[in-house]
Amino acid sequence: MQTGIAADRRNLWGEARLESAMLAMAVAVGVVAGLGAVAFRKLIALFHNLFLFGHASVAYDALKHAGASPWGMAIILVPVLGALIVTFLVCTFAPEARGHGVPEVIGAMHFNRGVIRAPVALIKALASSISIGSGGAVGREGPIIQIGATFGSVLAQWTRIPEWQRLVLIACGGGAGIAATFNTPIGGVLFAAEILLVEISARTLIPVMLATGTGSLVGRAFFGSHPSFVVPPLTLDPPALMPVPTLLAYIVLGLLIGLGAMVYTRAIYGFEDIFRRVPGGDYVRHALGMLLVGLMMYLLLRHAGHYYIEGVGYATIQDVLNGGLTAVGLLALLALLKLLATALTLGSGASGGVFSPALFIGATLGAAFAAGVHALLPGVHVNVVSAAVIGMACMVGASTGAAVTAVVMTFEMTRDYHVIIPLIIAVSVAYSMRRLLLRDTIYTLKLTRRGQHIPSAIQSPLYLARDALEFVGAPYVCMHADAPLAEVMAHRQHRTPRVVLLRDGVLVGVVPARILQAAFRSMSADTPLHQLADTRVVVVKGSIQVFDLIAVLRERRLRNAVMTRDGTLDGVDSILGVVTREDLVESTNLSGALERESPGAD
């Protein structure tokens with residue numbers, strides 16, 4: 001008895017030590033992510049000043065427009081120079097650093113056991129800072145997420161902790177990076193939960209909260225306690241008194257931004273496809289894309305007074321929030337040009353994020369909408385600044401899929417409770433509109449195009465304890481293994497059955513429904529069924545639970561199971577059904593759990 005108690009105590013002590021080590025690592029990731037955000041912003045400032053003005057300095061206020069470059073018309077070639085350097089870094093050292101970063105992090109978590117190579121963080125920081133500093137119309141948040149996530153992965157690999165803890169540390173790095181950048185600790189936690197975490201529980205959320213809190217403290221130590229944008233007090237009416245026409249206007253804004261989010265997402269990957277067909281290799285493609293961005297910068301300076309679309313674009317967003325940009329035509333033009341410039345930048349091969357451009361496009365579209373409503377319907381009160389703030393949240397929430405994060409981060413930046421109700425409604429409408437038009441987010445579409453499908457939700461595992469027999473998805477028939485294909489046709493009704501093949505009472509195999517359907521179209525009716533069979537089949541009890549069946553299928557690398565009363569085949573009458581991998585995937589969204597199986601007949 002005493003021995004058992006002592007063993008329990010040792011186990012508890014061991015678990016406590018592991019948990020303490022995990023929390024310490026989460027704090028370390030938060031510190032590094034926060035410092036990474038600081039260093040990354042300094043790199044952007046350095047390259048911005050070098051490329052645009054020819055002097056080495058880290059003095060740079062992203063909320064103020066850059067003055068005219070002394071290079072004059074040659075500014076058109078500055079983004080091209082940056083493109084050549086970025087292409088060299090990415091192609092030579094880390095192809096994963098190309099693009100906006102977050103899809104690579106999500107892909108590593110779902111398909112590579114959370115393993116990210118150490119050089120990715122350094123190359124991502126250099127390539128993205130050069131892209132942004134030389135005028136590329138991309139953001140800094142995606143790279144910071146990838147930098148923090150890479151450190152979390154490397155630390156986890158070095159300490160050899162279990163895979164689930166490695167995935168948590170990656171989410172810690174991503175959430176802490178967002179929190180440090182925007183000074184939005186709650187938003188950082190929610191971003192990790194909505195986009196990165198594959199499990200939501202106390203054991204995963206507590207390390208993420210520690211990391212994001214730590215990252216926020218580090219960011220505040222260097223950047224101050226104010227948020228990324230200076231948002232004036234909004235003039236929204238108290239929620240209970242908001243006029244119905246105003247609320248309807250915000251709903252329409254949500255619909256328009258949802259449509260815009262779909263166009264934004266499609267444009268980035270559409271331009272990738274266009275540039276992939278351009279001859280000449282990666283250097284030529286990226287240089288061509290950035291030449292067009294440089295031309296847009298120069299024309300905007302000549303005709304509108306500022307470069308506007310270059311870099312993260314925070315100065316333009318701040319102009320809108322200050323009420324300095326109210327012309328409908330200019331606002332709509334800037335939204336369109338920023339979308340085009342971002343698609344050109346990323347589509348041609350740059351390294352940088354999509355978060356900042358989404359904020360830019362949302363702010364300018366929201367302000368343009370409000371100014372248009374005021375001109376056409378003067379009786380409808382829609383404040384330009386309020387619409388810009390709501391437009392920012394709608395575009396981020398709809399395009400990234402992080403709708404709750406967008407709402408909370410906007411609230412953390414504005415600190416105005418009156419904005420919450422129209423904000424929640426508009427973001428929900430925008431998200432729903434985008435999902436109606438395009439199921440994938442701007443992050444997951446890149447993975448879907450590779451054939452890597454990410455589960456759309458983290459579901460409760462209650463179904464794992466249910467009997468697998470409940471998930472039998474189609475009828476079955478038992479036939480002799482030497483029977484011809486023609487005999488199966490007599491058993492076809494509304495659905496093609498699975499065929500269990502027997503010979504002298506011994507199981508030979510299973511012919512899946514899709515194999516039968518293909519055989520009906522292309523094979524002779526005299527073909528023996530055993531030629532179509534998957535002979536690697538397991539026999540299991542009809543009472544087996546889903547969790548246990550998944551374990552059996554994965555361990556033996558099988559795709560079909562015959563279910564009997566007691567787990568042994570004793571004649572036709574003992575068979576209860578056939579359950580396949582597809583039944584489990586379609587009924588329970590277990591594609592992630594079964595994805596690593598080797599392909600086999602089904």
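# Reading the terms in a predicted model

Modeller: Of the 602 residues of the protein, 53% count as buried. The model is a predicted one. It has 22 helices and six strands.

Biologist: Why is Lys446 called buried?

Modeller: Its relative accessibility is 12%. Buried means under 20%, so Lys446 meets the condition. Lys446 lies in helix H17, residues 444–449. Leaving aside neighbours within four places in sequence, Lys446 is in contact with Arg98, Gly99, Pro103, Glu104 and Tyr269.

Biologist: Is Cys394 buried or exposed, and how do you know?

Modeller: Cys394 has a relative accessible area of 0%. The cut-off for buried is under 20%, so Cys394 is buried.

Biologist: What makes Cys91 partly exposed?

Modeller: The value for Cys91 is 34%. Under 20% would be buried and over 50% exposed, with partly exposed in between. Cys91 is therefore partly exposed.

Biologist: How many disulfides does a search of the whole structure find?

Modeller: Zero. A disulfide is a covalent bond between the sulfur atoms of two cysteines. To be counted here, a pair of cysteine sulfur atoms has to be within 2.5 Å. The search of the whole structure finds no such pair.

Biologist: Why is H3 called roughly parallel to H5?

Modeller: Helix H3, residues 102–111, and helix H5, residues 141–159, pack at an angle of about 30 degrees. Angles under 35 degrees count as roughly parallel, and therefore H3 is roughly parallel to H5. Their axes are 8 Å apart.

Biologist: Which residues make that contact, and of what class are they?

Modeller: From H3 come Val102, Glu104 and Val105, and from H5 come Gly142, Ile145, Gln146 and Ala149. By class, there are four nonpolar, two polar and one charged residues. Gly counts as polar in this scheme.

Biologist: What makes S1 and S3 edge strands?

Modeller: Each pairs on one side only. Strand S1 covers 476–480 and strand S3 covers 506–511. The open sheet has three strands in the order S1-S2-S3, with mixed pairing. The twist in this sheet averages 25 degrees from one strand to the next.

Biologist: How do you know that S1 and S2 pair?

Modeller: Two strands pair if at least two bridges are found between them. S1 and strand S2, residues 498–503, have five bridges, in the parallel sense. The condition is met. Val477 has Val499 in S2 as its bridge partner.

Biologist: How many bridges join S4 to S5?

Modeller: Four bridges join S4 to strand S5, residues 560–564, and the two run parallel. At least two are needed for a pair, and this count meets the condition. Val540 stands opposite Met563 in S5. These strands belong to an open sheet of three strands in the order S4-S5-S6, with mixed pairing. The edge strands are S4 (538–541) and S6 (575–580).

Biologist: Which helix lies across S4, S5 and S6?

Modeller: Helix H20, residues 546–556, lies across them, running at about 165 degrees to S4. Angles over 145 count as roughly antiparallel, and the angle of H20 to S4 is in that range.

Biologist: How far apart are Val408 and Gly187, in sequence and in space?

Modeller: They are 221 residues apart in sequence and 5.8 Å apart in space, C-alpha to C-alpha. Val408 is in helix H15, residues 403–414. Leaving aside neighbours within four places in sequence, Val408 is in contact with Ile186, Gly187 and Leu190. Among contacts in the protein between residues at least 6 apart in sequence, 74% join residues at least 24 apart.

Technical notes:
Residues are numbered from 1 along each chain as its sequence is written. This is a predicted model: local features need pLDDT of at least 70, side-chain atom pairs count only at pLDDT 80 or more; totals for chains, interfaces and linings use all residues. Side-chain values use heavy atoms; hydrogens and water are left out. Buried means under 20% relative accessible area, exposed over 50%, partly exposed in between (1.4 Å probe, protein chains only). Contact means heavy atoms within 4.5 Å. Axes are lines fitted to C-alpha atoms, for helices over the stretch in contact, and angles run from 0 to 180 degrees between N-to-C directions. Angles under 35 degrees count as roughly parallel, over 145 as roughly antiparallel, 65 to 115 as roughly perpendicular and the rest as oblique.
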